[in-house]
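Subject: Structure handover

Hello,

Here is the structure you will be taking over. Please open it alongside this message.

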Amino acid sequence: MPPFKSLKKPPLSKEVEEQLRKSINAGIYKPDDKLPSERELVDQFQVSRVTVRDALKNLQVLGLISVKRGVHAGAYVSEPNPQPITQSIDNLVQMGKLNFAHLIEIRLYIEPEVARSVALHCTSEDVDKLKELLDRAESYLETSRKKARLTNVRFHSEVAKIAHNALIVFLSESITQVYSAMLIEMTYTKLDKKGIAKLIAEHRTILDAIADHDPGSAFERTKRHLIKTYRMYSRIIPDSYDRDVHRRIKYFAEL
């Protein structure tokens, strides 16, 4: 008979984490609800305080809870958010596994199609919100180029929200956050007010196609805008050049 390996139980903190996670997913604890205190969890689970703290720390990393200090101290259930995805993408960037070209490439696979869909289903209220966002970005040009860029780059994630698909929204917001933080830091002194205004103007052409309920134009204008953005930043930060990504983006541009 072949030897069998002994079975090991998972750490108690994982069992505590799993039970709490199931309670949150089942709606027993809803967003903004406060979880039982550490002392109460220790008593209920019959485990140590360290075990409970490890479980809560893991839930916080997963974005399921937030821990508050002070008068209202405790662990509170969070609204679902893209932070864990954002952190994973940022980790890849910090480890040198991703650069801006990779982020542009994945945006090319997602955002033109999202714009196409949104052009078919958007409301006048959706269009007004997008217009207000671009107006606000433009208003910052005179006072803060950084604010103008951070506001303008949210355009695509705000378009994604109109699709009413949580996965598309989370992916778009995560990519946008990492992308904008990376590029603004790397090109802070290399993109002037005129260059930022041009990016805002390109978003307005996409918005015009969406407002006109023209899915074909919304797709093509989003695609052209992303390819122009890739080419612009490739000139500004040539160290981020990746031959394979460049080849795929060039192929996409020719479709």
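Below is what was found in it, starting with the salt bridges and ending with a charged patch.

One point before the details. This is a predicted model.

**Salt bridges**

The structure holds 17 salt bridges. A few are worth a look.

Start with E105 and R248. They form a salt bridge, and their closest N and O atoms are 2.4 Å apart. This pair links distant parts of the chain. E105 sits in helix α5, which covers residues 100-121. R248 sits in helix α12, residues 243-254. The two are 143 residues apart. How covered is each partner? E105 has 8% relative accessibility, so it counts as buried. R248 has 33%, so it counts as partly exposed.

Next, R136 and E132. Here the closest N and O atoms of the salt bridge are 2.6 Å apart. Both residues belong to helix α6, residues 124-139. They are four residues apart, so about one helical turn separates them. R136 is partly exposed because its relative accessibility is 31%. E132 is partly exposed too, at 42%.

There is also a network. K131, D135, E138 and R204 are linked in it by salt bridges.

**E173 and its surroundings**

Now go to helix α9, residues 166-186, where E173 is found. Which residue does the side chain of E173 meet in a salt bridge? The partner is R154, at 3.6 Å from N to O. R154 lies in the loop between α7 (145-153) and α8 (155-161), while E173 lies in helix α9, so the pair ties together parts that are 19 residues apart in sequence.

Is E173 buried or exposed? Its relative accessibility is 13%, and the cut-off for buried is under 20%, so E173 counts as buried. R154 has 26% relative accessibility and therefore counts as partly exposed.

E173 has further contacts. Residues up to four places away in sequence are not counted here. E173 then touches P82, R154, S157 and K161.

**T176, also in α9**

T176 has its place in helix α9 as well. Its relative accessible area is 5%, so T176 is buried. What does T176 contact, leaving aside neighbours within four places in sequence? The answer is V153, R154 and S157. R154 and S157 also appear among the contacts of E173. One distance to note: the C-alpha atoms of T176 and F155 are separated by 9.4 Å. Those two residues are 21 residues apart along the chain.

**A positive patch**

Last, turn to the surface. K194, K198, R224, K228, R231 and R235 gather there in a patch of positive charge. Two or more residues come from each of α10 (193-211) and α11 (215-236). Which element gives the most to the patch? It is α11, with four residues.

K194 is one of the patch residues. It lies in helix α10. Its relative accessibility is 70%, so K194 counts as exposed.

**Where to look**

For a quick tour, take these stops:

- E105 with R248, the salt bridge that links α5 and α12.
- R136 with E132, the salt bridge within α6.
- E173 with R154, the salt bridge between α9 and the loop between α7 and α8.
- The positive patch, with residues from α10 and α11.

Best wishes

Methods: Residues numbered from 1 in each chain as written. Predicted model: local features only at pLDDT ≥ 70, side-chain atom pairs only at ≥ 80, totals over all residues. Heavy atoms only, no water. Buried < 20%, exposed > 50% of the residue type's maximum accessible area, 1.4 Å probe, protein only. Contact = heavy atoms within 4.5 Å. Patch = residues over 30% accessible without salt bridge, like charges linked within 9 Å, V, L, I, M, F, W, Y side chains within 5 Å. Areas by Shrake-Rupley, 256 points an atom, 1.4 Å probe, with all protein chains shown as cover. Salt bridge = Lys/Arg side-chain N within 4 Å of Asp/Glu carboxyl O. Lys, Arg positive; Asp, Glu negative; His and termini not counted. Charge placed at Lys NZ, Arg CZ, Asp CG, Glu CD.
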